[in-house]
Amino acid sequence: MQGYVILMFILVVGGTIFDMIHKKSAQYFFAKAKAAEASRTRELGAGDKIGIAVSTVAVDVVTSGEFCNPRRRISHLFTMYGFILFLLNTIALVFAYPTHEAPAIVSQLWHLGAAMVMFGGYWFWFFIRVDITAEGVPWNRIVRADLFILSLLGTTTFGLVWSILHSMGVTPLDTVSLALFIISATVLFGGVYWSKFAHMFFKPAAAFNKRVIKADGSLENMPEPVDLTDPELQKKFPDIPEYMGSNPPNMGPGIKREQPQHY
């Protein structure tokens, strides 16, 4: 089992590297950062970047603050922390207690992690997915992008079922569940190149970059937000009242008039 876990780790690293090469993610990221240098209005110091990194970890990573939809955010947090608990305690069970019984807390946290992933993941699958909420497609419509969530749910579900059946001595169903658990885990960790597994590593970097371009004023070469009611701006662009009236609405908060339900 230790060899299997090590092999899965190698497949995750290799799949992530191949994904970066195939999508040219790193090349695009650095080219974009280089292009934004010319439009910077402020040079950030080391302290600024450390503060941005702390904010990124506290808001975007630990609490998933980028989600406006509270249901999506709660579902994501259950799935994320459940997967971390499940993974860490699996590693502890395999490497720290391979030949003797593990402390009860390790087993309890393993089961809790699996249950959290199932709660957050099935909630997402049946009620929150974009194409279900916004486009009304059936929950059983499966595309390649679903490989990650389905293999993750398969791993935790079959793992939990195997544990219950094994503790009850139900054979050979526990063996069947164990086989499905291993197959699901192999697809999850071996299918990184074809799934969105690697997004877990890219998201923090993208969130950090988003905060940096806002702090240094480069704004990805986009213009700064303006007040359309500003007389000086209307003097510069006299066709604003013609198209938007004498008291143009604030277009920024307007997008929040409809509560986000899909993202």
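Two rings of Phe, Tyr or Trp (its six-membered ring) form an aromatic pair if their centres lie within 6.5 Å. The exercises below concern a predicted model.

**Exercise 1.** State how many aromatic pairs the structure holds and which residues form one aromatic cluster.

*Solution.* Applying the cut-off for ring centres gives twelve aromatic pairs. One cluster is formed by Phe83, Phe148, Phe189, Phe197 and Phe201.

**Exercise 2.** Determine how helices α1 and α8 are oriented to each other, and which residues make the contact.

*Solution.* Step 1: α1 covers residues 2-23 and α8 residues 173-190; their axes are 8 Å apart and meet at an angle of about 30 degrees. Step 2: angles under 35 degrees count as roughly parallel, and α1 and α8 are therefore roughly parallel to each other. Step 3: α1 contributes Tyr4, Met8, Leu11 and Val12 to the contact, while α8 contributes Ile182, Ala185, Thr186, Phe189 and Gly190. Phe189 also belongs to the aromatic cluster.

**Exercise 3.** Check the span of helix α9 (residues 199-215) against its expected value, then describe its burial.

*Solution.* Step 1: the expected span is 1.5 Å times one less than the number of residues, so the 17 residues of α9 should span 24 Å. Step 2: the end C-alpha atoms of α9 are 24 Å apart, which agrees. Step 3: Ala207, Asn209, Val212 and Ile213 are the buried residues of α9, and their cover includes α2 (25-36) and α3 (46-61). Step 4: just after α9, glycine 217 has a positive phi of about 80 degrees.

**Exercise 4.** Locate arginine 129 relative to the ring of tryptophan 125.

*Solution.* Arginine 129 lies over the face of tryptophan 125, 3.6 Å from the ring centre. Trp125 is among the buried residues of α5.

Note on methods:
Residues numbered from 1 in each chain as written. Predicted model: local features only at pLDDT ≥ 70, side-chain atom pairs only at ≥ 80, totals over all residues. Heavy atoms only, no water. Phe/Tyr/Trp six-rings, centres within 6.5 Å; stacked < 30°, edge-to-face > 60°. Lys NZ or Arg CZ within 6 Å of the ring centre and 35° of its normal. Buried < 20%, exposed > 50% of the residue type's maximum accessible area, 1.4 Å probe, protein only. Helix = DSSP H or I, 4+ residues; strand = E, 2+ residues; numbered from the N terminus. Axes fitted to C-alpha atoms, helices over the stretch in contact; angles between N-to-C directions. Parallel < 35°, antiparallel > 145°, perpendicular 65-115°, else oblique. Contact = heavy atoms within 4.5 Å.
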